[in-house]
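Me: Could you take a close look at one part of this model for me, the open sheet, and then carry on to the side-chain links elsewhere? I'd like one connected walk-through.

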Amino acid sequence: MVPLSPAIRSLIDSRKPGHSLPGGLYTRDDVFAADMEIFFRRNWIAIGLECDVPEPGDAHVVELGKSSLILLRDDDNTVRVVHNVCRHRGARLLDKGTHIISKLVCPYHQWTYELSGELMHAPHMGAGFDRSCHSLRPVAHVNVGGLIYACLSDDPPQDVARLVETMTPRLAPYDIANAKIAHQCDIVERGNWKLTIENNRECYHCLGNHPELCLSFIDLDFGYDPATLAPEDRARADAHEARFASVTAQWEEAGYPSAAVLPQADGDTNFRTQRLMMNGAGESQSPDTRAACKRLLGTIGSTGLGDVHLWGHNTWNHFMGDHAVIATVIPLGPDETLVRTKWLVHKDAVEGVDYDVDHLTSVWTATTMQDAGLVERSHAGVGDPAYLPGPYSTFAETELESFATWYLNQLRKHGG
């Protein structure tokens, strides 16, 4: 159990259903410490992609609080995750970033590990030293259609199977495992990680803040109050809902799972997915809503398969015919959050021939910067003594209520 102070318990108990969280749950140092232990050590989190390490010997270091993980591909082409901690005296094996290695060699005393994690060389340890007892510590991980999720607990939640079973067939045609990272962008948002996720789970704010993204998003998909619609807008909404139901049925019939799968508030592994239509030309989240990469992902043969959304508690993703956008959230402190965004294209797509990086990335680069400003604005507000939790829209912010309920359930479950 994670010890929760009376002050944290008071904040949990004071939360009004249907309202944003009490300010202290966003700003307090002790809440952040509990968050890191519960939501980033005991739950499954997205840490990277199989295509982060496309070749044997490729390694990618992921920093997560005090932990450091190495995502690597071994000589047998198996993707592994191990702790970046030497079994001798604990030194870091690899520095931040990406590496190409033949062995994992500790710079301190040259203890040397196979890419499987097995210790193969430990100089001057004597004849009785048993190398087999000192392999690198593996990290529990699952491969979800090319997305790598890890759990730092010795007892990972078993309900990750629902995520794997749901997303593996949905992602198979996109072949994310063999995609190519065309571009990566890191942004540090000046706000708590929950504000970053909350901001992503609603599009109530999109129309007023994301002009680039709204060219391809259909606002009706993200909730509206039917009583406020003029007759012509209501007719448009009815027509969209009918078309969306028809298109979804066609996708499903063609073998592309598309229906919404919702989070389970009482479960551990929190995710939501759905395939949505896109606006405009309907092909991609690009400046002209047309495919931004000539070569489509995997075995996708059409740009008419919409946008597969996948949200988790530290990630959001968009899978389109021509490219995918993968975002990972890593808390750095109570008031700082790293948002790492990657744009994926077909492995054989050629920059300058099949795609232009600026054209490919401009929509989500602009959106991510705009979101960073919104999260910073929110964090400043929830830390103000005048802040009082406000009501969620029951039309446009239902996912926030779902997330807040799950978050508090997890605190209560793991809090001692």
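Reply: Asp-58 has Ile-100 as its bridge partner, and that isoleucine sits in S5. The model is a predicted one, so local features are taken only where pLDDT is at least 70 and side-chain atom pairs only at pLDDT 80 or more, while totals for chains, interfaces and linings use all residues. Residue numbers start from 1 along each chain as its sequence is written, and side-chain values use heavy atoms, with hydrogens and water left out.

Back to that pairing: strand S2, residues 58-64, runs antiparallel to S5 over four bridges. Strands here are DSSP E runs of at least two residues, helices are H or I runs of at least four, and both are numbered from the N terminus; two strands count as paired if DSSP finds at least two bridges between them. Zoom out and you get an open sheet of four strands in the order S4-S3-S2-S5, paired antiparallel. S4 (79-83) and S5 (97-100) are the edge strands, each with a single partner, so one side of each has no neighbour in the sheet. On average, neighbouring strands of this sheet are turned by 25 degrees against each other, direction ignored (the axes are lines fitted to C-alpha atoms, for helices over the stretch in contact, with angles from 0 to 180 degrees between N-to-C directions).

Now the charged pairs. Side chains of opposite charge can pair when their charged atoms come close. With a salt bridge taken as a Lys or Arg side-chain nitrogen within 4 Å of an Asp or Glu carboxyl oxygen, the whole structure has 16 of them.

Take Asp-219 and Arg-236, whose side chains meet at 3.1 Å, N to O. Asp-219 is in the loop between helix H6 (206-209) and helix H7 (231-253), and Arg-236 is in H7, so this salt bridge ties together parts 17 residues apart in sequence. Asp-219 is partly exposed at 40% relative accessible area, and Arg-236 is also listed as partly exposed, at 40%. For the cut-offs, buried is under 20% relative accessible area, exposed is over 50%, and partly exposed is in between (1.4 Å probe, protein chains only).

Helix H7 also holds a salt bridge of its own: Asp-238 and Arg-234 both lie in it, four residues apart, about one turn of the helix. Their N to O distance is 3.2 Å. Asp-238 comes out partly exposed at 38%, and Arg-234 partly exposed at 37%.

Asp-268 and Lys-413 make another salt bridge, at 2.7 Å, N to O. Asp-268 is in the loop between H7 and strand S12 (271-276), and Lys-413 is in helix H9 (residues 398-414), so the pair ties together parts 145 residues apart in sequence. Asp-268 is buried at 13%, whereas Lys-413 is partly exposed at 44%. Elsewhere, Glu-37, Arg-41 and Arg-42 are joined into one network by salt bridges that share partners.

Last stop, the cysteines. If a disulfide is a pair of cysteine sulfur atoms within 2.5 Å, the count is one. That disulfide joins Cys-203 to Cys-206, S to S 2.0 Å. The link is left-handed, at -100 degrees about the S-S bond, and both cysteines, Cys-203 and Cys-206, are buried. Cys-133 has its closest cysteine sulfur in Cys-86, 15 Å away, which is too far for a bond. Cys-133 is partly exposed at 47%, while Cys-151 is buried at 1%.
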